[in-house]
Amino acid sequence: MPLTLATTTPGEPEIFASVQGEGPSAGSPCTFIRLSRCNLACVWCDTAYTWHFEGDNRPHRDAATFDRKANQITLSEAEVAQRINALAQRRLVITGGEPLLQAPALAALLELLPDMTVEVETNGTTSAPPRLDIRIDQYNVSPKLAHSGNPAELALLPERLSHYSADSRAFFKFVIATPEDVAEVTALVRAHAIPPARVFLMPEGTDSAVLREREKWLVPLCLQHGFRMSDRLHIHLFGDTRGT
């Protein structure tokens, strides 16, 4: 079963080497692969080209839609593995979209890459089947709060959140737009017994000025609740661009 990837330019898959910009592995050198398609629709999503295709009427703040043919490419697991190996990194970050929507193909890919340390970035609405789960070293779970525009019955599934809370490989990364968003985080932490040491608060924003301004009030909230803070290093380094 082939993989459906996002593109950097038409016909070129978004597979690249960089440093991880977010979460517990921030600053680590790695290879990224960005898969296409998502089951949620965040109004502030900075990778809307993975899901907001022409004909999709779900709201997004930019009101832009993307041509599916230009923004998707399908490759075999063997070709993706070859491209990953060519970048000569030890850590692989699988992101999206929602990568676990392609779990069978991902499992086949990772069986071709047995020596990679693997991170999966997920919105936390699904889980990996056993064949894939055994290949994953770290889950970066980013549940979507109310300000994302997704209804809670789609984005915040109690069974899934409790599942990830019980998995020591899973770190939770909450996107925060206003100080009031943190109350929703603390309620979820209590409801699902999420260890605060595995919780990151990350400012929403796609430029350095916005991120820095929000981090000023985010740090005291992290101190208050015992959460960790995540910056977005790739935004400071490269801007809001594909393939970085």
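Contact, in these legends, means heavy atoms within 4.5 Å. All views show a predicted model.

**View 1. Helix H3 is mostly covered by its surroundings.** The helix spans residues 103–111, and 7 of its 9 residues are buried. These are Ala103, Ala105, Leu106, Ala107, Ala108, Leu109 and Leu110. The buried residues of H3 pack against strands S1, S4, S6 and S7, and also against helices H2 and H4, the latter formed by residues 130–133.

**View 2. Strand S4 pairs with S3 in the antiparallel sense and with S6 in the parallel sense.** Strand S4 covers residues 29–34; 5 of its 6 residues are buried, so the strand is largely enclosed by the rest of the structure. Strand S3, residues 15–19, is joined to S4 over 5 bridges, and one of the bridge pairs sets Val19 opposite Pro29 of S4. The pairing of S4 with strand S6, residues 91–95, has 4 bridges. Phe32 has Val93 of S6 as its bridge partner.

**View 3. Strand S7 runs parallel to S6 and is largely enclosed.** The two strands pair over 4 bridges, and Leu92 is matched with Val118 of S7. Strand S7 consists of residues 117–122, of which 5 of 6 are buried, so the rest of the structure largely encloses this strand. Both S6 and S7 are also among the elements against which the buried residues of H3 pack.

**View 4. Three strands form an open antiparallel sheet in the order S2-S1-S5.** Strand S2 (12–13) and strand S5 (72–75) lie at the edges; each has a single partner strand, so one side of each has no neighbour in the sheet. Strand S1, residues 3–9, pairs with S5 over 4 antiparallel bridges. Within this pairing, Ala6 has Gln72 of S5 as its bridge partner. Helix H2, residues 77–86, packs on the sheet and touches S1, S2 and S5. The direction of H2 makes about 100° with that of S5.

**View 5. Helix H7 turns one face towards its buried surroundings.** The helix has 12 residues, 181–192, and reaches 17 Å from its first C-alpha to its last, close to the 16 Å expected. Its buried residues are Asp181, Val182, Val185, Thr186, Leu188, Val189 and His192. Seen down the helix axis, the buried residues fall within an arc of 160°, so they line one face of H7. Arg190 and Ala191, on the other side, are exposed. The packing partners of the buried residues are helix H6 (158–165), strand S9 (170–176), strand S10 (199–203) and helix H8 (208–225). Just after the helix, Ala193 takes a positive phi of about 50°.

**View 6. Phe200 is a buried residue of strand S10.** The relative accessible area of Phe200 is 4%. Leaving aside neighbours within four places in sequence, Phe200 is in contact with Gly23 and Pro24, with Phe171, Phe172, Lys173 and Phe174, and with Arg228, Met229 and Ser230. Asp46 is shown for distance: Phe200 and Asp46 are 154 residues apart in sequence and 19 Å apart in space, C-alpha to C-alpha. Strand S10 itself is one of the elements against which the buried residues of H7 pack.

**View 7. Thr244 is placed in the segment after helix H9.** Helix H9 is formed by residues 233–238. The relative accessibility of Thr244 is 19%, and buried means under 20%, so Thr244 counts as buried. Not counting residues up to four places away in sequence, Thr244 touches Phe16, Ser18, His234, Phe238 and Gly239.

**View 8. Cys38 and Cys42 are shown in a model with 0 disulfides.** A disulfide needs a pair of cysteine sulfur atoms within 2.5 Å. The closest cysteine sulfur to that of Cys38 belongs to Cys42, at 6.7 Å, which is too far for a bond. Cys42 is likewise in no disulfide, and the cysteine sulfur nearest to its own, that of Cys45, is 6.0 Å away. Cys38 is partly exposed, with a relative accessible area of 21%, whereas Cys42 is buried, with a relative accessible area of 8%.

Terms used: Residues are numbered from 1 along each chain as its sequence is written. This is a predicted model: local features need pLDDT of at least 70, side-chain atom pairs count only at pLDDT 80 or more; totals for chains, interfaces and linings use all residues. Side-chain values use heavy atoms; hydrogens and water are left out. The expected span of a helix is 1.5 Å times one less than its number of residues. Buried means under 20% relative accessible area, exposed over 50%, partly exposed in between (1.4 Å probe, protein chains only). The arc is that of the directions from the helix axis to the C-beta atoms. Two strands pair if DSSP finds at least two bridges between them. Axes are lines fitted to C-alpha atoms, for helices over the stretch in contact, and angles run from 0 to 180 degrees between N-to-C directions.
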